[in-house]
Amino acid sequence: MAVARVVHTADRTLTGRQLASLLTPPPEGRFGYRELARAVREALLDGRVALRLRLPAERELATVLEVSRTTVTGAYDLLRESGYAHSRRGAGTWTALPDGQTTTPLGAFQDDAGATIDLALAAPQAPADELAAALTAAAAELPRYAGTQGYHPYGLPVLRAAIAERYTARGLPTLPEQILVTTGAQQALSLVLTLLGRTGDRVLAENPSYTNALDAMRGRMLRITPVPVTEAGWDTGLVDAALRQTAPRLAYLIPDFHNPTGHVMPQEQRRELARAARATGTWLVADETLTDIALDVPVPVPFAAAAGGGDGEQIVSVGSLSKSCWGGLRVGWVRAASRVVNELARVRITADLSGSVLDQLVAVELMDRLDTILPQRVEELRRRRDALTAALARHVPEWRWTVPPGGMCLWIDLGRPVASSLAARALRHGVRVEGGARFGVDPGTHEHRLRIPYTLPEDVYEPAAERLAAALDGAPGHFAGAALPDWVA
């Protein structure tokens with residue numbers, strides 16, 4: 001780790017109270033120096049505490065935790081010795097990771113996985129009957145468009161209207177002029193980042209978060225400010241503090257069945273964050289691609305509707321049919337103010353001019369069938385979630401997870417930071433899983449986590465769990481590394 005390049009700025013400093021609120025206290029309730037070092041290390045690996053963050057002064061933390069300064073000094077010494085912190089004279093103590101503890105090197109994605117069970121892709125199969133019917137109906141409509149030039153940078157008017165109607169029905173009045181149809185939600189996010197962000201701008205992102213979104217931010221050289229999403233969900237106070245201290249240009253959130261934790265942001269938190277973002281001039285980008293995958297709770301209302309009043313003006317929503325219908329369709333959208341949609345369309349033209357007319361016509365037909373498709377999809381995913389959790393409980397009972405109320409993944413706690421190495425070992429046993437580090441803002445964090453989707457048929461999970469247990473059986477505390485495929489959905 002190149003610690004010499006750490007930038008020491010005021011917005012990267014933790015107060016004693018902030019750090020104390022992020023630590024898990026020991027069972028006996030009072031920290032010794034070893035317990036304090038362990039708690040800081042776990043908070044760092046879990047993403048609650050970011051890398052390159054200045055820790056509180058020893059005296060300040062000792063006062064907050066009601067321990068001796070010697071206890072804090074000993075804990076900081078242990079963190080430095082183990083590589084989880086470093087110090088510079090006059091600059092304090094900063095969080096770090098041990099040399100070499102980063103995400104596993106990645107190899108090329110293999111489209112033909114053969115006998116390998118792929119548990120890295122949160123992507124369900126298409127609803128075959130409905131897709132076939134939609135394709136037939138779209139083919140009948142296609143000749144009406146064949147006499148045109150075929151370019152629709154904003155999207156087909158009929159599809160824009162259908163998407164707007166669905167937002168309106170869910171409690172957010174929307175005009176077709178507020179919709180831009182895109183080639184999937186990933187392009188939608190990329191266009192938003194390109195339009196609203198500039199090299200070096202700060203963007204606030206949850207930690208952990210969707211890996212492809214984080215990569216899109218890094219690719220545009222945006223500076224990511226992480227805010228933790230923990231077992232308890234979002235800490236509004238921490239998010240509000242991050243907004244006020246860093247005034248990011250953008251904030252990227254997954255409020256509905258958060259990927260990968262599965263949490264749903266409460267309505268009051270949505271209102272509070274919308275108000276805080278408006279106060280700092282921050283654009284809120286709400287990724288709602290998983291909104292329809294409500295397994296145990298009602299479908300959440302759109303984030304912009306929860307904001308209320310004028311606080312929704314700086315909210316951009318991103319969605320798609322990839323999770324509710326099929327990722328192979330590659331139809332997504334942006335919902336924003338019409339002036340923002342106009343600017344996004346200008347950016348979009350430089351990328352691909354327009355989406356496929358046929359795909360968009362199929363999307364129109366599928367949206368008309370969502371009231372049939374979604375109940376079937378939800379019931380199917382419930383069964384698959386139950387099959388996955390039952391298989392894991394039988395074969396790896398030491399692992400822990402919270403059953404999410406929606407979405408498509410389990411966020412599994414392995415109990416020790418070996419996820420990337422375990423993933424490499426599991427691949428040799430014929431099952432591909434994705435370590436939690438892929439979803440962290442900082443490389444090397446969330447190493448005690450796996451994200452496992454439940455989007456495959458139920459009968460897959462028993463052999464998959466057996467292979468995971470075989471990979472784990474008899475393995476040392478840290479496994480030998482190996483190259484992994486680099487493609488995640």
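In strand β12, which residue is the bridge partner of Gly319? It is Trp333, and this tour starts there.

Before you click, note that this is a predicted model, where local features need pLDDT of at least 70, side-chain atom pairs count only at pLDDT 80 or more, and totals for chains, interfaces and linings use all residues. Residues are numbered from 1 along each chain as its sequence is written, and side-chain values use heavy atoms, with hydrogens and water left out.

**Stop one: β12.** Select residues 332–335, strand β12 (strands are DSSP runs of E, at least two residues; helices are H or I, at least four; both are numbered from the N terminus). Gly332 and Val334 point one way, Trp333 and Arg335 the other, and all are buried (under 20% relative accessible area, with a 1.4 Å probe and protein chains only).

**Stop two: the partners of β12.** Add β11, residues 315–320, which runs antiparallel to β12 and is joined to it by four bridges (strands pair if DSSP finds at least two bridges between them). Now add β5, residues 179–182: this strand also pairs with β12 in the antiparallel sense, over four bridges. Here Thr182 has Gly332 as its bridge partner.

**Stop three: two helices.** Select α7 (residues 157–169) and α14 (residues 357–368), whose axes, 9 Å apart, make an angle of about 30° (axes are lines fitted to C-alpha atoms over the stretch in contact, and angles run from 0 to 180 degrees between N-to-C directions). The helices are therefore roughly parallel (angles under 35 degrees). Show Val158, Leu159, Ala162, Ile163 and Arg166 of α7 with Gln360, Ala363, Val364 and Met367 of α14: these make the contact (heavy atoms within 4.5 Å).

Notes
Parallel < 35°, antiparallel > 145°, perpendicular 65-115°, else oblique. Buried < 20%, exposed > 50% of the residue type's maximum accessible area, 1.4 Å probe, protein only.
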